[in-house]
Amino acid sequence: NTVMSPTTKKAVADFTTKFPNTTMVTYDPISSSALLEANEASFGEAVVPDYHFDKADVIVAIDADFLGTWISPVEYAAKYIKNRKVTDIKKPKMSRHIQVETHMSLTGSNADNRVLVKPSEMGAAVVALYNEVAALNGGTRVSGPSLDAEKTAKFKKVAAELNAAKGTSLVVCGTNNIGEQILVNGINAMLGNYGKTLDFGRASMQRQGMDKSIQGLVREMNGGQVDAVFFMDGANPGFDLPNAAAFQTALAKVGLKVSFSGTPTETTMLCDYVLPTHHNLESWGDVEPKRGQYSLIQPTIQPLFKTRQSEETLLRWSMPEAFDATAEQPYLDYLKKHWEMAIFPAQTKYATFQSFWDSALFAGVFEVPVTEMEVPTFAGNASNAASKVRKPAANSELEVVFFETVNMGAGQYASNPWLIEMPDPVARTSWGNYLAIPVKGEGGNTFKTINNLNKREIYGEADIVEVTVGDTPQDITAVRQFGQAQGTVGIALGYGRETTGKVGRAVGDKVGINTYPWLSIDGNGNTQYYASTVSVSKSKKVEQEFACVQYHHTMGVTARDENGETIMSESTGKPLNVGEKTSMTLGAGYQGGIVDRSIIYKAHVDELEHLKEHIHHQREHAQELNSKTLYPYDEYSKEIYSQGHHWAMHIDLNACIGCGACQVACVAENNVPVVGKREVARHHEMTWLRIDRYFYGDYENPNVVYQPMMCQHCDNAPCENVCPVAATNHSSEGLNQMAYNRCIGTRYCANNCPYKVRRFNWLDYTTADIFPMNEPELAAGEDIPYGADNLTRMVLNPDVTVRSRGVIEKCSFCVQRIQEGKLTAKRESRRLEDNDVKTACQTACPTGAIVFGDRNNKKGAVASKMDNPLNYLVLEEINVQSGVNYTAKLNNRAENLDV
């Protein structure tokens with residue numbers, strides 16, 4: 001796959017010098033080759049531009065999940081959110097984001113508006129947008145496929161939004177069709193965006209693969225033209241190609257097949273030899289993710305096994321002059337020599353290479369000043385490009401779109417239990433890929449053939465249907481999905497791996513189904529991620545272990561009609577503001593009603609004054625309700641907290657994109673166990689932090705709010721006074737603590753928690769019960785239980801207790817990090833500062849949505865967030881005095897796009 005390391009490329013080049021009949025074939029399983037080809041045709045460079053989402057006032061993304069999976073989502077999310085956070089309440093400013101897609105992607109769920117089109121109509125959508133922008137700028141229209149009148153009218157309005165922000169707009173496209181990509185380049189050129197919201201100065205190196213290259217290799221292997229194939233670590237074409245079966249057949253005709261993979265894959269099983277490379281944490285290396293920006297990779301541990309870095313293997317075979325096989329660390333020596341020859345000569349700031357190397361190694365990154373580049377001139381042939389876009393499928397009642405998820409990617413994470421169990425942010429499902437079925441406003445389904453899907457998902461049951469694409473049928477569990485375009489279904493890629501090694505065997509090989517065989521290749525040789533020939537059967541049977549966390553751990557959200565009768569009671573995907581009339585709900589299918597609990601507050605950015613008044617009114621109402629209390633909070637706070645720390649957290653819902661990075665970071669930091677599909681289906685997942693997903697607005701095409709929910713560390717905590725053994729108590733620093741050794745598992749605290757954030761450890765998921773005996777004595781042929789061997793236990797954080805079964809556990813605000821910060825400050829004889837302590841979720845968040853610190857430090861980061869008039873406490877009316885503040889969710893929706 002894409003190699004971003006300059007030194008790895010140098011090692012391959014040296015190998016090629018020794019063996020000149022060598023060709024390096026690069027492909028990406030989720031391909032952007034059409035984008036590369038389009039940029040080469042338009043500007044002479046086959047690279048991905050540098051997108052400046054932070055400089056864009058209007059963003060239009062066409063089938064590009066740039067916040068979730070497309071090219072560089074962490075980078076894009078950090079930039080994107082700069083124009084989404086509202087910092088000036090009096091003069092609010094917020095970018096407008098319009099998403100054009102079929103399936104509700106993570107990016108689409110964060111958009112202000114979504115324009116839904118079928119996958120085969122995506123080319124017609126690009127043509128429509130191009131023509132409308134051309135008409136507004138005196139350009140020439142192109143001839144191509146067309147949309148119906150309603151959708152064409154929407155793209156006319158989208159073009160008007162873009163044109164009103166010329167030079168500060170941005171159009172990105174994730175399709176793998178060269179014609180569509182060239183037209184998008186033309187749109188950005190007409191809008192004057194090049195040199196402003198996108199340029200090539202810091203071009204991205206994160207996608208370099210060409211689909212034509214790997215398909216050419218298949219033809220050459222079939223023709224007997226290939227004597228040997230070496231697979232770099234990560235490349236798995238025996239699984240992730242549309243024609244993987246054809247690749248496997250062709251590979252069998254090659255005399256020598258060698259894999260450098262460090263883990264078993266479908267491709268390694270086809271090789272004659274496997275020479276496993278070091279793990280990343282055992283390796284030296286470098287990376288150039290963007291032009292002129294370098295990062296050094298340093299090993300943190302010695303190699304655990306007798307592995308060898310793949311680059312060193314190539315160098316030992318080729319023995320170039322710059323490689324010293326007798327050096328203590330041969331590849332490190334080679335890496336330094338390459339930097340000395342290729343990068344150091346231009347560095348006049350340093351007297352010696354060693355001083356330059358030490359500086360770069362200390363910082364971890366090094367940046368070459370960007371060369372001033374002229375604004376590129378668009379040289380693409382728009383008319384020819386319009387003839388190459390995909391055409392709407394004629395007489396197609398149903399189409400399917402294939403997409404990448406944030407947790408599984410292209411399948412490379414199939415051996416990572418943390419990610420397998422992480423719920424998909426939008427569908428809230430885990431342990432597999434599921435068929436996303438759109439819903440209609442009446443609560444029914446989009447297809448007559450499957451409109452009788454059972455409604456027992458809340459009980460861990462869901463219907464299994466047969467999906468046939470082309471001539472290939474597969475069974476898959478179906479799930480209703482708001483925001484899925486009518487007349488379409490969606491399925492995630494990357495699942496169905498059959499070779500994932502020991503970890504895969506432990507979690508269960510073949511999680512989900514493999515959808516790669518359903519992909520196709522267009523006339524230009526590029527992989528296409530949709531199919532227009534698909535059928536879905538009626539329900540065949542019911543899956544009894546439906547792993548969807550949507551209905552788990554409810555906070556008791558209710559909606560009542562005018563007579564005060566409860567008409568809806570579930571936890572997530574709910575209507576919003578207290579007192580607000582609802583337009584949709586999720587799950588039971590009821591519509592209408594009034595929400596009577598403060599879970600989420602939201603508003604249009606133009607309605608901030610009304611929202612401020614609403615929040616203020618609700619706070620006054622909550623204080624009125626709680627004027628009489630057993631807890632003298634003000635006195636308690638004054639006497640205790642003013643003398644020390646008062647730890648608190650602030651979460652900006654405008655900055656939270658729902659990516660789940662915080663959840664996985666919490667699992668890794670705090671030794672949170674993975675429980676498996678069956679236990680998830682039984683509501684027994686153990687995550688200390690969950691991300692609740694709420695829909696609001698239009699029933700078929702709603703907007704979304706994501707809300708990270710962890711222990712709120714209430715100062716009037718209802719869990720504390722019901723524990724019969726005082727296992728849960730309150731610290732003098734405002735922390736809700738758990739004494740695991742004292743807990744006897746009554747679960748009274750979990751029952752009394754209004755936020756439902758406490759987890760009962762039902763089973764010995766981490767084999768903690770056998771820790772004293774370390775690795776158990778085994779009978780002949782008996783396997784060590786997964787998690788009981790010393791290697792697997794290396795994943796555990798030694799600073800956090802590993803809980804045995806039968807106890808309650810929950811978020812601790814990463815108390816181990818608080819203690820570490822205190823000790824650091826003590827050693828340095830200074831006051832503890834906010835920056836000394838950062839929770840795992842805070843450090844992992846790509847958008848800075850989570851801020852943690854000492855509320856008593858008035859100059860600290862978290863204290864500065866507490867005065868925002870858009871802040872609120874979840875369930876403030878029950879007076880538990882939560883330690884987590886949330887900022888209300890805002891959108892910049894263009895209402896005219898709904899017409």
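**Close-up views of a cavity and a helix**

**View 1. Strands that help to line the largest cavity.** In this predicted model, three strands each bring at least two residues to the lining of the largest cavity: strand 3 (96–101), strand 13 (399–403) and strand 19 (527–528). If you want to know which strand gives the most, look to strand 13, with 3 residues.

**View 2. The middle and the walls of the largest cavity.** Here we step inside a space of about 520 Å³. The lining is made up of 34 residues, and those nearest the centre are Asp63, Asp65, Phe402, Phe403 and Glu404. For anyone thinking about chemical character, the lining divides into 15 nonpolar, 12 polar and 7 charged residues. The cavity shown is the largest, and the model holds 16 cavities of 30 Å³ or more.

**View 3. Helix 6 from end to end.** Helix 6 covers residues 149–163, 15 residues in total. From its first C-alpha to its last, the helix reaches 21 Å, close to the 21 Å expected at 1.5 Å a residue.

**View 4. The two faces of helix 6.** Lys151, Lys154, Phe155, Val158, Ala159, Glu161 and Leu162 are the residues to find here, and they are buried. They lie on the same side of helix 6 because they cover an arc of only 155° around the axis. Turned away from that buried side is a face carrying the exposed residues Ala149, Glu150 and Lys156.

**View 5. What covers the buried residues of helix 6.** The cover includes strand 2 (58–62), strand 3, strand 4 (113–116) and strand 5 (169–173), along with helix 5 (122–136). You have met strand 3 already, as a contributor to the lining of the largest cavity.

Note on methods
Residues numbered from 1 in each chain as written. Predicted model: local features only at pLDDT ≥ 70, side-chain atom pairs only at ≥ 80, totals over all residues. Heavy atoms only, no water. 1 Å grid on protein atoms, 1.4 Å probe; cavity = no way out; pocket = protein on both sides within 12 Å on 5 of 7 lines; lining within 4 Å. Points joined across faces, edges and corners; volume = space filled by probe spheres on them. Helix = DSSP H or I, 4+ residues; strand = E, 2+ residues; numbered from the N terminus. Nonpolar A, V, L, I, M, F, W, Y, C, P; charged D, E, K, R; others polar. Expected span 1.5 Å × (residues − 1). Buried < 20%, exposed > 50% of the residue type's maximum accessible area, 1.4 Å probe, protein only. Arc of directions from axis to C-beta. Contact = heavy atoms within 4.5 Å.
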